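Open the model in your viewer and keep the selection panel handy. We will go from one stop to the next, and at each one you will hear what to select and what is there.

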Amino acid sequence: MPTPIPPPLLATDPLVVAQDGVATVHQLMDLGCASSVTAARCRPPGPWRRLLPRVIALQTTPPTPRQRLRGALLYAGPDALLTGPAALALYGVTSLPATPQVDVLVTHRAGPRGHAYVRVRPTVRPARRVPVDGLACAPLPRAVLDTLGHLGTGNTANTLLAEITARGLCHPDDLLAEATLLTNNSSVAKALQGVLGR
């Protein structure tokens with residue numbers, strides 16, 4: 001068993017640093033911090049705060065946008081991937097308005113329910129893990145299709161597709177292939193073809 005790290009020093013542990021100052025209760029226990037100590041340190045005035053169930057930010061200040069993303073991944077489990085607008089922002093897409101929601105893709109029935117700002121999206125077709133700026137994301141075509149599912153049709157969807165294709169972030173054929181695989185029918189693919197002018 002590793003030598004317990006004094007709680008005030010846990011924020012400098014390499015694992016916690018690599019996770020942007022965020023850790024699960026189980027990770028902290030593995031570092032020698034009892035769950036009762038974690039609970040006590042999360043009570044006001046701190047010095048820690050509970051970000052999500054079982055996910056702790058080792059600080060009292062509000063979480064950064066990156067810490068919110070990291071917390072969502074830790075909350076949803078080891079196989080979780082960022083998708084939707086949060087993933088697209090990491091890929092460099094700028095045409096979408098900011099949203100407080102963070103979508104995470106999880107294997108069907110393997111992840112928890114959505115909570116607070118985390119929207120859990122179970123899937124029977126797991127996506128390939130793509131590291132983007134050190135965070136696990138769904139491939140770009142999948143993140144686009146997951147976003148379009150919320151946007152529907154309209155100017156925002158058209159603007160998103162125009163940016164993706166004009167900047168060469170994703171080839172239209174890849175979007176069409178993903179649409180066909182994701183929906184298992186051609187209706188979304190046909191709608192996408194119309195928007196892409198194919």
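## First stop: helix 5

Select helix 5 and look for its buried residues, which are Gly84, Pro85, Ala86, Ala87, Leu88 and Tyr91. That makes six of the eight residues in this helix (residues 84-91), so helix 5 is mostly covered. Step just past the end of helix 5 to find Gly92, which takes a positive phi of about 100 degrees. Keep in mind as you go that you are looking at a predicted model.

## Zoom out for a moment

Show the whole protein as a cartoon. You should be able to trace nine helices and eight strands. Colour by burial and 43% of the 198 residues in the protein come up as buried. Among contacts between residues at least 6 apart in sequence, 55% join residues at least 24 apart.

## Strands 4, 5 and 6

Now select strand 5 (residues 102-107). Five of its six residues are buried, so strand 5 is largely enclosed by the rest of the structure. Add strand 4 (residues 81-83), which runs antiparallel to strand 5 and is joined to it by three bridges. Then add strand 6 (residues 118-123): six bridges join it to strand 5, and these two strands run parallel.

Which residue of strand 5 is the bridge partner of Leu82? Click on Val104, and you have found it. Val104 also stands opposite Val120 in strand 6.

## Into the largest core

Stay with Leu82 and Val104, and add Val144. These three touch the most other members of the largest nonpolar core, which has 40 residues. The largest share of this core, six residues, comes from helix 4. As background, nonpolar side chains tend to be buried together in soluble globular proteins.

To see the surroundings of Leu82, show its contacts and set aside residues up to four places away in sequence. Leu82 touches Leu69, Leu73, Ala87 and Leu90, as well as Val102, Asp103 and Val104, and also Leu135, Ala136, Cys137 and Ala138. Another core lies apart from the largest one; it has eleven residues, among them Val16, Cys42, Trp48 and Leu58.

## The three-stranded sheet

Next, select strands 1, 2 and 3. They form an open sheet in the order 1-3-2, with antiparallel pairing. Strand 1 (22-24) and strand 2 (49-52) stand at the edges and have a single partner strand each, so one side of each is left without a neighbour in the sheet. Turn the view to follow the twist: neighbouring strands of this sheet are turned by 40 degrees against each other on average, direction ignored.

Zoom in on strand 2 and strand 3 (residues 55-57), which pair in the antiparallel sense over three bridges. Two of the pairs to pick out are Arg49 with Ala57 and Arg50 with Ile56. The hairpin of these two strands has two residues between them, and Arg54 there takes a positive phi near 70 degrees.

Bring helix 4 (residues 65-76) back into view. Helix 4 packs on the sheet and touches strand 1, strand 2 and strand 3, and its direction makes about 15 degrees with that of strand 1.

## Helix 3 and its cover

Select helix 3 (residues 35-42), where the buried residues are Thr38, Arg41 and Cys42. Look down the axis of helix 3: these residues fall within an arc of 100 degrees, so they line one face of the helix. What covers them? Helix 2 (25-30), strand 2 and strand 3 are included in the cover.

## Last stop: helix 7

Finish at helix 7 (residues 155-166). If you like to check geometry, its twelve residues should span 16 Å at 1.5 Å a residue, and its end C-alpha atoms are indeed 16 Å apart, which agrees.

Which residues of helix 7 are buried? Highlight Ala157, Leu160, Leu161, Glu163 and Ile164. Seen down the axis of helix 7, they fall within an arc of 160 degrees, so they line one face of the helix. Rotate to the other side, where Asn155 and Ala166 are exposed. Just after helix 7 comes Gly168, with a positive phi of about 70 degrees.

Notes
Residues numbered from 1 in each chain as written. Predicted model: local features only at pLDDT ≥ 70, side-chain atom pairs only at ≥ 80, totals over all residues. Heavy atoms only, no water. Helix = DSSP H or I, 4+ residues; strand = E, 2+ residues; numbered from the N terminus. Expected span 1.5 Å × (residues − 1). Buried < 20%, exposed > 50% of the residue type's maximum accessible area, 1.4 Å probe, protein only. Arc of directions from axis to C-beta. Pairing = 2+ DSSP bridges. Axes fitted to C-alpha atoms, helices over the stretch in contact; angles between N-to-C directions. Contact = heavy atoms within 4.5 Å. Core = buried A, V, L, I, M, F, W, Y, C linked by side-chain atoms within 4.5 Å.
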